[in-house]
Amino acid sequence: MDNIFSAFTNRRRVLDALKNTHRSRVPAEPPCPSCGQSAAITALRLCSKCGHHYAISAALRLDKLLDDGGVALFEDIPSRDPLNFPAYGEKLAAAREKTGLGDAYCVREGAISGRRVIAAALEPEFMMGSMGTAVGEAVTRAIERAGALRLPLIIISASGGARMQEGMFSLMQMAKTSAALRAFSDSGGLFISILTNPTTGGVTASFASLGDVTLAEPGALIGFAGPRVIEQTIGAKLPAGFQSAQFQLAHGFVDAIVPRDQLRSALVRLLKLHPETAAAV
Amino acid sequence: MSAMTAHERVKAARAPDRPRVRAYIADLFDDFFETHGDRLAGDDAALLCGVATFEGRPVTVAGNVKGIDLDSNLAVNFGMAGPDGYRKLQRAARQAEKFRRPLVTFIDTPGASPTASAEERGQGEAIARCLFELSGLKTPIIAVLTGEGGSGGALALGLADRVIMLENSVYSVLSPEGFASILWKDASRAEEAAGVMKLTAEDLLAFGMADEIVREPPGGVAANRTALMRALRGVLRRTLDELCALDTQTLLAQRYEKYRKF
Ligand SMILES: [Zn+2]
């Protein structure tokens with residue numbers, strides 16, 4: 001039903017344009033929010049002075065993480081508008097134009113230093129990386145493919161949570177992805193969950209919190225309820241750093257904080273510690 | 001069926017005289033023994049668990065606890081469970097599997113508790129782990145929506161083989177107030193939100209997210225509690241019989257498919 005959005009024809013062109021902008025070192029236009037200097041931003045979107053982690057697109061993340069960038073999967077999962085929600089179609093079209101993606105995800109099959117993996121990343125610039133049916137379906141297919149091929153699974157989350165415009169269909173994605181991870185886990189699959197800024201709501205309360213190993217980027221906001229909702233509920237300001245990656249490490253909910261420029265080497269080490277099983281194809 | 005608006009359904013689902021979880025337990029089950037605590041940190045009064053018999057057979061029961069007035073609601077955080085509650089549910093679910101008891105949940109919550117202390121103790125992880133546990137639990141699960149079911153806080157009790165909704169219960173991705181607040185930055189547009197969210201039992205049945213609607217007696221559930229419970233008892237008996245007849249592999253495969261299709 002509601003198969004209303006066709007594939008985005010010039011997706012590849014927009015993607016390439018984005019990559020090229022990010023690949024060259026360009027001077028930071030506004031001063032860095034962490035150190036205040038107009039320092040250059042690196043290819044991984046880090047402040048070259050203080051290492052501040054700027055937002056990074058899902059495609060660029062996977063380009064940098066996988067050997068030769070890997071091969072894109074499940075690019076044409078149609079977004080759905082099951083509630084016929086006012087202006088949702090226009091919002092989706094604008095997000096496609098802005099990101100070059102069909103919805104808020106990239107899934108790839110590839111390798112990290114030669115070790116084959118399935119890797120997925122959510123796109124924070126696409127309606128805040130929110131999870132509707134297309135994102136939930138892409139994540140579930142990624143999990144199922146990793147299970148079928150007996151490959152490690154890596155998911156990089158960046159999401160405001162459930163996509164409100166799809167109502168209960170969004171909530172069902174939490175059940176769908178979690179059930180797929182349960183089956184994957186029962187079959188012995190390795191899932192490395194990487195939490196980046198922001199990871200909140202229904203994504204935190206489903207697949208993002210179900211990693212065998214959970215890593216977080218420095219400074220990432222990670223939580224279930226958003227800070228604004230909590231402040232309204234308790235009638236007080238939250239302390240600085242509440243729900244930060246460091247906060248989650250201190251409270252026992254992540255295994256390690258890994259800066260973006262060390263992620264690939266951390267994954268190489270982790271993958272080596274989880275050798276391929278004999279059944280791997 | 002009367003032509004109530006979605007907003008009127010939300011109001012009915014939240015009516016203070018609507019039966020609470022302990023009323024369902026008293027009327028539908030015998031020998032209820034409440035089991036407190038998550039064995040980690042605490043005991044959440046907003047989510048109860050226990051063991052009982054349903055027409056002679058042992059079952060595990062869990063449900064959101066709501067009060068009827070301000071004082072009783074303050075004691076149970078208005079039915080909004082925290083991580084301790086969701087981890088208590090996980091413990092009860094694992095015991096249900098171990099002792100081969102079906103799990104029956106009663107859902108009536110505006111959502112998970114959005115407090116600083118809930119965040120410090122991993123509210124997101126606690127809900128996610130419920131979904132993980134329930135999706136692979138090797139025993140039948142029946143969820144009954146009795147009032148309002150809001151957000152992941154409700155889904156944590158709602159991943160089930162059969163989802164039964166009372167006629168005036170509602171189930172939504174977020175409360176209409178929260179939905180209006182997020183999308184329109186205006187919580188006062190909750191009535192309008194209820195209208196577009198498709199959260200009634202009829203909507204959920206049409207989507208395949210609810211499997212059955214239990215009609216409420218004319219004149220309201222508060223005044224006709226016996227009739228409501230009789231109807232629900234019949235549905236529970238039939239559903240338990242159906243699910244208990246399935247072998248575990250079929251049960252789990254059907255449960256996977258039930259959520260895979262969305
Ligand atoms: Zn800086």
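The exercises below work through a predicted model with chains A and B.

Because the model is predicted, local features need pLDDT of at least 70 and side-chain atom pairs count only at pLDDT 80 or more, whereas totals for chains, interfaces and linings use all residues. Residues are numbered from 1 along each chain as its sequence is written, chains are lettered from A in the order in which they are written, and side-chain values use heavy atoms, with hydrogens and water left out.

**Exercise 1. Describe the interface of chain A and chain B, starting from its extent.**

Step 1. Chain A and chain B bury about 3900 Å² between them, 71% of it on carbon and sulfur atoms; buried area here is the accessible area (1.4 Å probe) that two parts lose on being put together, summed over both. In chain A, A:Met164, A:Met168 and A:Arg182 lose the most area to chain B, together 18% of what that side buries.

Step 2. The contact (heavy atoms within 4.5 Å) takes 47 residues from chain A and 44 residues from chain B.

Step 3. Across this interface the rule finds two salt bridges, a salt bridge being a side-chain nitrogen of Lys or Arg within 4 Å of a carboxyl oxygen of Asp or Glu. One of them joins the side chains of B:Arg260 and A:Glu137, at 2.9 Å from N to O.

**Exercise 2. Place A:Glu137 in its surroundings and state whether this residue is buried or exposed.**

Step 1. A:Glu137 is found in helix 4 of chain A, residues 133–149; helices (H or I, at least four residues) and strands (E, at least two) are DSSP runs, numbered from the N terminus.

Step 2. With 13% relative accessibility, A:Glu137 counts as buried, where buried means under 20% relative accessible area, exposed over 50%, and partly exposed in between (1.4 Å probe, protein chains only).

Step 3. Leaving aside neighbours within four places in sequence, A:Glu137 is in contact with A:Ile77, A:Gln173, A:Lys176 and B:Arg260. A:Thr133, which also lies in helix 4 of chain A, is buried at 4% relative accessibility, and the residues that A:Thr133 contacts beyond four places in sequence include A:Gln173 and A:Lys176.

**Exercise 3. Work out where the buried residues of helix 1 of chain B lie around the helix axis.**

Step 1. In helix 1 of chain B (residues 6–13), B:Ala6, B:Arg9, B:Val10, B:Ala12 and B:Ala13 are buried.

Step 2. Seen down the axis, these buried residues fall within an arc of 165°, so they line one face of the helix; the arc is that of the directions from the helix axis to the C-beta atoms.

Step 3. What covers them includes strand 4 (103–109), strand 5 (141–150), strand 7 (170–172), helix 8 (176–184) and helix 9 (190–197) of chain B.

**Exercise 4. Trace how the salt bridge of B:Arg14 and B:Glu148 connects parts of chain B.**

Step 1. In this salt bridge the closest N and O atoms of B:Arg14 and B:Glu148 are 2.9 Å apart. B:Arg14 lies in the loop between helix 1 and helix 2 (21–28) and B:Glu148 in strand 5, so the pair ties together parts that are 134 residues apart in sequence.

Step 2. B:Arg14 is partly exposed at 26% relative accessibility, whereas B:Glu148 is buried at 8%.

Step 3. The side chains of B:Arg20 and B:Asp108 also meet in a salt bridge, 3.9 Å from N to O, and link that loop to strand 4 of chain B across 88 residues. B:Arg20 is buried at 13% and B:Asp108 at 4%.
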